[in-house]
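Got the viewer open? Here's a short tour, one selection at a time.

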Amino acid sequence: MQTLLLLLEREEAERDQALLRLQHAEDEARRAQSQAEMLLAYREEYRQRWSVQFARGGSMPVVQCYQGFMARLEQAIAQRQRQVDAAQQRAEQCRAALAAQQVRVASVRKLVERRRRDQQQRDARREQKTTDETAARAHRHAQALASTAALPSGA
């Protein structure tokens, strides 16, 4: 039983570590998503600002500069989105690992409970056997006393 309790303790510790890994992965995914959203908002703001500027007219070097910057900004957004996807995938893997670890903890707990219940049943049977034997001895002793008392005295 002690071995099972140690196993349960180890599995619970591993589950707790899996939970921490999941929390870190989810935090990382949230941060990456937030940064991606900021880049998208910046791109939209930049686009609106320059569309007003271009409505008034703009030189070819300024347009080329704008297009070059927008191309680099699109690359940054695409890269950030890949990072978001990777972070979400890591979080999902951590979620699956945590679920598997929780199943192991539940299995070991069930086994511990089954062993405890089996031990209690063995103890109860042993106690019942002892009680039955004690009662049988008492009964035999009482019968022996009754049969000696029934014997005629002086025979």
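One cut-off to keep handy: a residue is buried under 20% relative accessible area, exposed over 50%, and partly exposed in between. Bear in mind that what you're looking at is a predicted model.

Start by selecting Leu 6, which sits in helix H1. Its relative accessibility is 49%, so Leu 6 counts as partly exposed. Now add Val 84 and draw a C-alpha to C-alpha distance: the pair is 78 residues apart in sequence and 39 Å apart in space.

Next, color helix H1 (2-55) and helix H2 (60-150). How do H1 and H2 cross? Their axes come within 7 Å, at an angle of roughly 160 degrees, which means H1 runs roughly antiparallel to H2. The crossing is left-handed. Sort the residues of the H1–H2 contact by class and you get 34 nonpolar, five polar and 17 charged.

Now for the largest nonpolar core: select Ala 18, Leu 22, Ala 25, Ala 91, Cys 94 and Leu 98, six residues in total. H1 and H2 each supply at least two of them. As background, nonpolar side chains in soluble globular proteins tend to be buried together.

Zoom in on Ala 25 from that core. Skip its neighbours within four places in sequence, and Ala 25 is in contact with Ala 87, Arg 90, Ala 91 and Cys 94.

Last stop: Gln 101, over in helix H2. Is Gln 101 buried or exposed? Buried, because its relative accessibility is just 4%. Show what's around Gln 101, ignoring residues up to four places away in sequence, and you'll find Glu 11, Glu 14 and Arg 15 touching it.

Notes:
Residues numbered from 1 in each chain as written. Predicted model: local features only at pLDDT ≥ 70, side-chain atom pairs only at ≥ 80, totals over all residues. Heavy atoms only, no water. Core = buried A, V, L, I, M, F, W, Y, C linked by side-chain atoms within 4.5 Å. Buried < 20%, exposed > 50% of the residue type's maximum accessible area, 1.4 Å probe, protein only. Helix = DSSP H or I, 4+ residues; strand = E, 2+ residues; numbered from the N terminus. Contact = heavy atoms within 4.5 Å. Axes fitted to C-alpha atoms, helices over the stretch in contact; angles between N-to-C directions. Parallel < 35°, antiparallel > 145°, perpendicular 65-115°, else oblique. Left-handed = near helix turned anticlockwise from the far one by under 90°. Nonpolar A, V, L, I, M, F, W, Y, C, P; charged D, E, K, R; others polar.
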